Amino acid sequence: IISLAYSLLLFSQSSPITLNLLDNYGVKLVADQLSAYFILTNALVTMAVIFYNWESSKTAFFYAQAIILHGSINSVFLCEDFISVYVALEVISIAAFLVIAYPRSDRSLWVALRYLFISNVAMLFYLIGAVLVYKANNSFAFAGLKGAPPEALALIFMGLLVKGGIFVSGLWLPMTHSESETSVSALMSGVVVKAGIFPLLRCALILEDLDPLIRLLGVLTAIFGV
């Protein structure tokens, strides 16, 4: 409910809200109208999942992991540098692993471990790309992409395309979503994959050459999904 209210607040702001954690050498968070759309979606889907399970036998552990997942997804929508996004995406992977494995059946545990393994491998490529961006600009900020080598962009994109299930990079995701419980599948399909898509949009806004590529991948993913 707080996330929902905050997203509506962002829509009313004419300029982005910036917050520096740990002074100027810490983490910079930026909330704008682009963030608002994703935070609003995250809030609505998470609320729907919690209400759906309200009368079920789910324990406090499930709800705790759902809220951790909700918060870590929101943090991706606010981060302004590659390392902060990396940390948030890794927390998402762990929280998603726990909610997928919640039934504790052999099948759910196997699917959850498979999800965790593929996500971590994808994030390894992403991390190497982020290091190359830092090497070129002495900064992990998204703006550093302008002076980064093409290898850095390719590695970052590889990680995010797999994490976001974009086009053929998402062939590994249907099994994870279909084998999860109904409410968990809604979380995974509704907002978890958006955590991988959002940084791609940020990159496209910084590098104009990427804009048509991102649009093309979006259309192809929509058609391929149908």
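This passage describes the salt bridges, the nonpolar core and the cysteines of a predicted model.

Four salt bridges are present in the structure. One of them joins Asp 32 to Arg 202, with 2.8 Å between the closest N and O atoms. Asp 32 sits in the loop between strand E2 (27–31) and helix H2 (33–52), while Arg 202 belongs to helix H9 (residues 194–206), so this pair ties together parts that are 170 residues apart in sequence. Both partners, Asp 32 and Arg 202, are buried.

Another salt bridge forms between the side chains of Arg 107 and Glu 179, at 3.1 Å from N to O. Arg 107 is found in helix H5 (residues 106–137) and Glu 179 in helix H7 (residues 173–179); the pair therefore ties together parts that lie 72 residues apart in sequence. Arg 107 is partly exposed, and its relative accessible area is 41%. Glu 179 is also partly exposed, at 34%.

A further salt bridge links the side chains of Asp 211 and Arg 215, with an N to O distance of 2.6 Å. The two residues are four places apart in helix H10 (residues 210–225), so about one helical turn separates Asp 211 from Arg 215. Asp 211 has a relative accessibility of 25% and counts as partly exposed. Arg 215, at 57%, counts as exposed.

Attention now turns to the nonpolar residues. In soluble globular proteins, nonpolar side chains tend to be buried together. The largest nonpolar core in this model has 66 residues. The members that touch the most others are Leu 69, Val 76, Phe 82, Leu 89, Ile 92, Tyr 115 and Tyr 126. Helix H4 (residues 82–100) supplies the largest share of this core, with 11 residues. The surroundings of Tyr 126 can be listed in detail. Beyond its neighbours within four places in sequence, Tyr 126 contacts Phe 82, Val 85 and Tyr 86. Its other contacts of this kind are Leu 155, Ile 156, Gly 159 and Leu 160.

The cysteines complete the account. The count of disulfides is zero. A disulfide requires two cysteine sulfur atoms within 2.5 Å. For Cys 79, the closest cysteine sulfur is that of Cys 203, and the two sulfurs cannot bond because 13 Å is too far. Seen from Cys 203, the closest cysteine sulfur is in Cys 79, again 13 Å away. Cys 79 is buried, with 4% relative accessibility. Cys 203 is buried as well, with a relative accessible area of 0%.

Definitions and conventions
Residues numbered from 1 in each chain as written. Predicted model: local features only at pLDDT ≥ 70, side-chain atom pairs only at ≥ 80, totals over all residues. Heavy atoms only, no water. Buried < 20%, exposed > 50% of the residue type's maximum accessible area, 1.4 Å probe, protein only. Core = buried A, V, L, I, M, F, W, Y, C linked by side-chain atoms within 4.5 Å. Contact = heavy atoms within 4.5 Å.
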